[in-house]
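Let's walk through this structure together, starting from what it means for a residue to be hidden from solvent. Keep the model open as you read.

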Amino acid sequence: MRLTFMRIVCLLLIGLSLHAADWPMAGGDASQSGWQQRERDITPFTVKQIRLIWKQAPGAVLSAPIILGRLITYRGTVELVFVVSAAGDVYAIDGDFGKVFWRRHLDLISQGCSGAEPPAPALSPSNLSPEDEDDDGPQPLRPLYVVTVDGRLHSLNPQDGADLASARDFVPAGSRIANMRLAGGRLSTVTAPCMGKTLTAWSIDTAGGQSLASGPGAPAQREAVSEDSAGRHWVHASVAGRVTAYRQEAGKRVQAWAAKLPGELSVPVLAGGVVFVVSRDRLYAFDAIRGQRLLAGPTEVLGGKMPALAIANGHICFTGGATLICYGLPVEP
């Protein structure tokens, strides 16, 4: 009872609405836009309050994170951050306090390509109206999908990690598996041989049926695509140590600003008019329109390849090798 009361107090203090945002798959949506359209807490005015709020280091290489913004459980209403470990574990972590909410071990995740990052899980996007999402009553169950290197697709209950259905064959065993996309009831991904470069696209109906190879696969999106309040289209990209912003004008890209940063950079993500990007050692934030630097986080030691960021409800989470790192507007327990 005390935990639930303290959650309510904390949420009120930082102005969070029950109308929570999700980041249900790597890239934020099926088009990999990198744009969090429902963020209410992060703005160019609040971003300076963001700080490192927690870390988790389970001891093995982690997937990119995804975020379920609001889940009603027997332990109260929580935001959960999900990652998959190369050691064979799926973790659900409390987004506010960094505590493991549940852990589920799945065999064979670690038996694929040596050193490969596991594919991020994918969550069924919400199909509720804002009014229904604000309701404190029971919400429809939204399966959490995880694919293991034996090529099988697992459907888990996001509340506790239990199986919702039997695992199904999805992609060839032993492949390098890209992050999954989910749209219109179909889950898709791209695979490649451990030692090869040929990409193959696969998809499967989440309601049943066999998976289909749909031809050559495309590489992941490397830009964030958004729209400002005036309806202008923007593209933000990280290339050659620079974050560069382009406006779309008359069908052409016009550079609006660029910022030089040290080292390799992650793909940008956007929320509340702010662009976030991670370098080899820290998190940066820029005004998406003007290019003003708003934040340079504390130095972090990151391993593995450049992380993919997840952003929702004042939280910016990413993995660096075997560590899950979450910045945000602070909440006191």
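A residue counts as buried when its relative accessible area is under 20%. Bear in mind that this is a predicted model. With that cut-off in hand, look at Cys317: its relative accessibility is 0%, so Cys317 counts as buried. Cys326 also has a relative accessible area of 0% and is therefore buried. These two cysteines form a disulfide, with their sulfur atoms 2.5 Å apart. A disulfide is a covalent bond between the sulfur atoms of two cysteines. Searching the whole structure turns up 1 disulfide.

Now turn to the nonpolar interior. The largest nonpolar core holds 35 residues, and the members that touch the most others are Ile50, Phe276, Leu283, Leu309, Ile311, Ile316 and Phe318. Strand 26, residues 323–328, supplies the largest share of this core, with 4 residues. To get a feel for the packing, pick out Ile50: beyond its neighbours within four places in sequence, its contacts include Phe276, Leu295, Ile316 and Tyr327. A second, separate core has 16 residues, among them Ile66, Leu80, Leu106 and Leu123.

Finally, have a look at one of the sheets. Here 5 strands make up an open sheet with mixed pairing, in the order 1-20-21-22-23. Strand 1 (35–36) and strand 23 (293–296) stand at the edges; each has a single partner strand, so one side of each lacks a neighbour in the sheet. The partner of strand 1 is strand 20 (residues 269–271), and the two pair in the parallel sense over 2 bridges. Within this pairing, Gln36 stands opposite Ala271 of strand 20.

Note on methods: Residues are numbered from 1 along each chain as its sequence is written. This is a predicted model: local features need pLDDT of at least 70, side-chain atom pairs count only at pLDDT 80 or more; totals for chains, interfaces and linings use all residues. Side-chain values use heavy atoms; hydrogens and water are left out. A nonpolar core is a set of buried Ala, Val, Leu, Ile, Met, Phe, Trp, Tyr and Cys residues joined through side-chain atoms within 4.5 Å. Buried means under 20% relative accessible area, exposed over 50%, partly exposed in between (1.4 Å probe, protein chains only). Contact means heavy atoms within 4.5 Å. A disulfide is a pair of cysteine sulfur atoms within 2.5 Å. Two strands pair if DSSP finds at least two bridges between them.
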